[in-house]
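Student: Give me a close look at the enclosed space in this one, please. After that, carry on to the parts of the fold that you would like me to check.

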Amino acid sequence: MSATHANDLFDFVAASPSSYHAAAETARRLTDAGWRQQDEREPWSGTPGGHFIVRGGAVVAWWIPEQTNDTTAFRIVGSHTDSPSFKLKPGVRTAAVGYEQAAVEVYGGPLIGSWTDRELGLAGQVVDKAGVTHLVATDAIMRIPQLAIHLNRSVNEEGLKLGKQEHTAPVTATLSAGGPSLLEVIAASAGIPADEIAGHDLYAFDTARGALFGSAGEFVAAGRMDNLSSVHASLVAMLDATGEGSTGTDVLVFAAFDHEEVGSGTVSGASGPILEDVLLRTSRAIGNDEDARRRMLRRSWCVSSDAGHAVHPNYAGFHDPSHHPVLGGGPLLKINANQRYASDAEGAALWSRSCETAGTTAQPFVSNNDVPCGSTIGPLTATRLGIRTVDVGVPLLSMHSAREMASAADLAAITGAIRAFYTDDESTLTQAS
């Protein structure tokens, strides 16, 4: 089962080289399952069944039950579609000493060294002069080559040092090759002439497919698992939970935001209005006035699912000495006293119940006091909407690498726990604090 789930994740990741592709692949899977896309410019549907919107690289999907009542709540699972990378600059090319290179800027916080010596493609969206958007995903067309050790003999002692401007421009061609320009390659992928491109949002991606490995075949290596692992898990869980049609009286919500890696402050990010728009309009569509909507929000829960850190066997000192979550030990419960994560005791109890129902156990993650803690969409969602929120995720090694490492069992386990959250007995979820 874990291997089957992992291979479906590999298919999802391969189809999602950018956040825009992740949104498109999610929409495709929802449409194939009979869900209906809602046009945000049109009146909102309150029809029972599955609905979704796509806004750039973000998707929000929701399932309206056959019957709602005065105890109906939202059950939300949040994730994000973007991953650290390199974004193509407006002037797409640069040149040096006989080579054509892609002009890029750093997106988010990638482990830059991990992006060297890999065959990379470009993926995202271009907009033509008529305002039409085209998805783009090239083949492997570029590489960031490292300097040979013969020219940098101290690298193994002093560590690899890469300047973000000076050392990260990928090589795409030799100037003497006489082939198509980088812009022409992009245009060919979009299916339009190069001179028709009016704007672009394009990101580097590792073209290698995900793989199972390890002496017991238990590990997973793939790009963009932060956070396509959660997007995929919550999508599979939602489709499983609603596949037979009966889901109780709560509205189930899948929210995959964009731009988490750069702060979420966009129209498709968790600090933006996208989820609030969906909840407000859906509440109205099922007959709630403003007060009833606010009561509904107070009964609701959000599980914020983003990847977290497994203990590293070679760097255990960077982790809290009493909390060592391991690959294969189950999904994480992410906790931080300074509210970098939104989890509290109520959220811990909720997530523990979901994991127990799914036959797994939650592993608590707490940062070492001397190591700054990251954050995610959980506190943003809780602050913006006032919804009780718990932060969870799959443990990873090599987070923000071009190719991250996880456990196949954990990927299946968190999917089961999210499904349990969607389908658990309502009395365990709607008690107000």
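**The cavity and beyond**

Tutor: Start with strand β10, which contributes more than any other element to the lining of the largest cavity: 3 residues. The model is predicted, so local features are given only at pLDDT of at least 70 and side-chain atom pairs only at pLDDT 80 or more, whereas totals for chains, interfaces and linings take in all residues. Numbering runs from 1 along each chain as its sequence is written, and side-chain values rest on heavy atoms, without hydrogens or water. Helices (H or I, at least four residues) and strands (E, at least two) are DSSP runs, numbered from the N terminus.

The whole-structure search turns up 2 cavities of 30 Å³ or more. A cavity here is a set of points on a 1 Å grid, over the protein atoms alone, where a 1.4 Å probe fits but can't get out; a lining residue has an atom within 4 Å of a point. The largest cavity has a volume of about 230 Å³, where volume is the space filled by probe spheres on points joined across faces, edges and corners. It is lined by 24 residues, and those closest to its centre are Asp82, Ser83, Pro84, Ser85 and Arg224. Two elements, β10 and α5 (225–242), each give two or more residues to that lining.

α5 has an oddity worth a click. The peptide bond from Asp226 to Asn227 is cis, with omega near 20 degrees, and Asn227 belongs to α5. Most peptide bonds are trans, and most residues other than glycine have a negative phi. Two residues go the other way on phi. Val97, in the loop between β5 and β6, has a positive phi near 40 degrees. It is exposed at 82% relative accessible area (exposed is over 50%, buried under 20% and partly exposed in between, using a 1.4 Å probe and protein chains only). Asp117 has a positive phi near 55 degrees; it sits in the loop between β6 and β7 (120–128) and counts as partly exposed at 34%.

Back to β10, which also takes part in ring packing. The model has 8 aromatic pairs, meaning Phe, Tyr or Trp rings (the six-membered one for Trp) with centres within 6.5 Å; planes under 30 degrees apart are stacked, over 60 edge-to-face, and the rest tilted. Tyr107 and Tyr203 make an edge-to-face pair, 5.1 Å centre to centre with 75 degrees between the planes. Tyr107 comes from β6 (residues 99–107) and Tyr203 from β10 (residues 197–206), so the pair links distant parts of the chain, 96 residues apart. Both Tyr107 and Tyr203 are buried. Phe213 and Phe219 pair up as well, tilted this time, at 5.6 Å and 45 degrees; Phe213 is partly exposed, at 34%.

β6 also holds Glu100, which is buried at 9% relative accessible area. Its contacts (heavy atoms within 4.5 Å) include Arg93, Thr94, Pro170 and Val171, leaving aside residues up to four places away in sequence. Glu100 and Asp70 are 30 residues apart along the chain, and their C-alpha atoms are separated by 63 Å.

Now for the helices. α6 has 12 residues (274–285), which at 1.5 Å a residue should span 16 Å, and the end C-alpha atoms are indeed 16 Å apart; expected span is 1.5 Å times one less than the number of residues. Its buried residues are Ile274, Leu275, Val278, Leu279, Thr282 and Ser283. They fall within an arc of 155 degrees seen down the axis, so they line one face of the helix; the arc uses directions from the helix axis to the C-beta atoms. Among the elements they pack against are β2 (49–55), β3 (58–64), α7 (290–299) and α9 (377–385). From the other side, the cover over the buried residues of α9 includes β4, β13, α6 and α7; those residues are Ile377, Gly378, Pro379, Thr381 and Leu385.

α2 (residues 19–32) passes the span check too: 14 residues should span 20 Å, and its ends are 20 Å apart. Of those 14 residues, 10 are buried, so α2 is largely enclosed by the rest of the structure. The buried ones include Tyr20, His21, Glu25 and Arg29.

Last, the glycines that follow these helices: Gly34 comes after α2 with a positive phi near 95 degrees, Gly287 after α6 with one near 100 degrees, and Gly386 after α9 with one near 70 degrees.

Definitions and conventions. On a 1 Å grid over the protein atoms alone, a cavity is a set of points where a 1.4 Å probe fits but cannot get out, and a pocket is an open set with protein on both sides within 12 Å along at least five of seven lines; lining residues have an atom within 4 Å of a point.
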